[in-house]
Amino acid sequence: MSSFVGVLVSDQRLQSQFTQVELQSLKSKFISIKNQNGKVTVRDLPPLMAKLKAFRDKLDEEEIRSVLGESNSDFTNEIDFESFLKIYLDLQSRSTAKVGNSKHSSSFLKATTTTLLHTINDSEKASYVAHINSYLRDDPFLKQFLPIDPSSNALFDLAKDGVLLCKLINVAVPGTIDERAINTKRVLNPWERNENHTLCLNSAKAIGCTVVNIGTQDLVEGRPHLLLGLISQIIKIQLLADLNLRKTPQLVELVEDNNDVEELMGLAPEKVLLKWMNFHLKKAGYKKNVTNFSSDVKDGEAYAYLLNVLAPEHCSPATLDAKDTIERANLVLDHAERMDCKRYLSPKDIVEGSANLNLAFVAQIFHQRNGLSTDNKKISFAEMMTDDELISREERCFRLWINSLGIASYVNNLFEDVKNGWILLEVLDKVYPGSVNWKQATKPPIRMPFRKVENCNQVVGIGKQLKLSLVNVAGNDFVQGNKKLILAFLWQLMRFNMLQLLKNLRSRSQGKEFSDADILTWANKKVKNSGRTSQMESFKDKSLSSGLFFLELLSAVEPRVVNWNLVTKGESDEEKKLNATYIISVARKLGCSIFLLPEDIMEVNQKMILTLTASIMYWSLQQPVDEQSSPSPTASSRSASPEPSIDATLSPAATAISDGSSSPSISGAPSLDFASIPGSSPVLPLNGYLAHDGTAPPKESPSLLLSGEDDSCIAAEVSNITIDHVDFDTTTSAPLVDNAASDTAISTRQVEKEDTES
């Protein structure tokens, strides 16, 4: 392969400290401060570094200048990009030492990928390997590669083609990915690998994973710390999936007063697990309160009491009598095994206080035997507290969208978490940077109710500035948890963000504001120009429930992405669901970051249909000119293959898992996430193609069209835009690159040529 991938650094150890997403952003920053002679000096760095999020509010310009003075006597000295990276790491270590670890969240979902230390925990790795071996051992494709040896690097090698991660996501949240969309050949070409990883990252976000600063190239390279971080999140989402009232209404027993149920609903899953653990420990006579899954369980006593009360038939006095902590931990694990709990950790992990593995262990105990009552009255009350299906689906969509923004807070329960206004302010600051007056905002925990109202009043005020419809809406409505109002506000905010992103595609043409009608017109013309006859009259057109229009739209923007042998007629509910599931996976595989469910397509949910269409449009308008306007002979030959008629008898393959034989699509462009990268202006992502020095291709200034008759000219303008998304500072107006975006810089012709030659 002769293709170039990402930003290269000659010092491999230095390169390993950064993801490709971070390198691209830092390269863009470095280039932006070059002087007229094309040079960067030490003197240029303090103003830039002080504005980066990594150092903002931690190191000011004077402190940075002082640090630089320790190793540079002459500030006029020129520095290269690698020296810039070394300085960045040095400043990062100093800022971390200065602020300590007080800001680190305990929630596993907010665990970020650090660029300072990349240590691999062998115990955690062995535990995750055991989990994968257990849950995927019977998978038709993966069973030939399992079991994985935890002592080797086989896990990282197997994850490089993306199949393992996609399958693991489906284990965690069944049905997230239509497995027919996964490329499952023994040897995958660059397209297919890239598609799998794009599908994986977009789907990971759709189940609540935090994937900031992870790109497809990082997964292709099998970077251990990033892979383990992602696998850890996926597994924990699976283990904690039932820790809510909707899935386990018996949890209502944990609260003494019915008025405390709302508080329970707002707790993070791991907090609910701790509450459950303490509930049983209190019944068992344990005097201490467990507040974490590390130091508080190191001695094994809490586990002994917990298991004795949950499974007294396996109780052994020797467990509590043991003087040696390792011995006691071993007896605890033996007790748990007799309850059919999987071994996620060793006695040593308990004694050393491995938080992740202890949490997984307690979650397993909860799944096997939660010990909660089956009081019908309490369960009925808990079920009454849960939302209806439509509200629940919209809550899920907006919650995942907010979490994908990369804000500091993590939303577990939308309606509870937005009551104090802080999270809404964080979202507004990402969607419209600089709009929030943080001096007038109060950060949680907030004890005084009027402070919550103040935060929410500012939310309403900013919403009105953005011309959102907020007639007769006051901050107190948010504080009171008015669900319909909260959903309506967030939909308007999400739509505003979406239209701003599309508007910025043609900002240089000084075109008019983007509207829903423009998106509708573009979609219909795109399908018509591809030779199809399907059209949609509006975003609530009932004919959309079959899914055929969106499959034709996806095929129109990228002919290779849809395998028509897998498409049904979309007549029965079962056929509609098959198509809808396939649409969502194909769109994510292409690069769209979307949060709707198959039911939203089947029921033609107007809001979700609009986001899906706009996401596809956003992806299409970013593609390189030559890919849209003049496909290569190879691409033409592939897309020219006859497609089965939807009205004809369908192949049995319509319900089979794809063997990867369908022609792959190019997923080199970034994912289309309407979630702005933290702190950035809501502007256009890069099209995914970098020059050898990491800079953007030469500038083109074509005129832009609104109607969508020829969107290739719009895509051409994208090629001059640089990346800025690692530091997330609002001081520099720079474009977005989605976290799930491909970092590979393989051009269409290069890959097709290599594929043809091979």
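This passage walks through a few helices and some unusual backbone spots in a predicted model. Residues are numbered from 1 along each chain as its sequence is written, and side-chain values use heavy atoms, with hydrogens and water left out. Because the model is predicted, local features need pLDDT of at least 70 and side-chain atom pairs count only at pLDDT 80 or more, while totals for chains, interfaces and linings use all residues.

A good place to start is helix α8 (residues 163-172); helices here are DSSP runs (H or I, at least four residues), numbered from the N terminus. Its axis and that of helix α11 (residues 224-239) come within 8 Å and cross at roughly 20°, the axes being lines fitted to C-alpha atoms over the stretch in contact, with angles from 0 to 180 degrees between N-to-C directions. The two helices are therefore roughly parallel to each other (angles under 35 degrees). On the α8 side, the contact (heavy atoms within 4.5 Å) is made by L165, L168, I169, V171 and A172. From α11 come L227, L230, I231, I234, I235 and Q238.

Helix α8 is also mostly covered, with nine of its 10 residues buried (under 20% relative accessible area, with a 1.4 Å probe and protein chains only). Its buried residues have α6, α7 (154-158), α9 (190-206), α10 (216-220) and α11 among the elements that cover them.

Helix α6 (residues 122-136) has 15 residues, which at 1.5 Å a residue should span 21 Å, and its end C-alpha atoms are indeed 21 Å apart; the expected span is 1.5 Å times one less than the number of residues. Buried positions in α6 include E124, K125, Y128 and H131. The buried residues of α6 pack against α7, α8, α11 and α18 (355-368).

Elsewhere, E394 is found in helix α20 (residues 389-404). E394 is buried, at a relative accessible area of 9%. Leaving aside neighbours within four places in sequence, E394 touches L487, N605 and K607.

Then there is the backbone. Most residues other than glycine have a negative phi, and most peptide bonds are trans. The bond from L146 to P147 is cis, with omega near 0°, and P147 is found in the loop between α6 and α7. Another cis bond joins P444 and P445. D340, not a glycine, has a positive phi of about 70°; D340 is exposed (over 50%), with a relative accessible area of 57%. Phi of K467 is positive too, near 65°, and K467 is exposed at 77% relative accessible area.

How values were computed: Angles under 35 degrees count as roughly parallel, over 145 as roughly antiparallel, 65 to 115 as roughly perpendicular and the rest as oblique.
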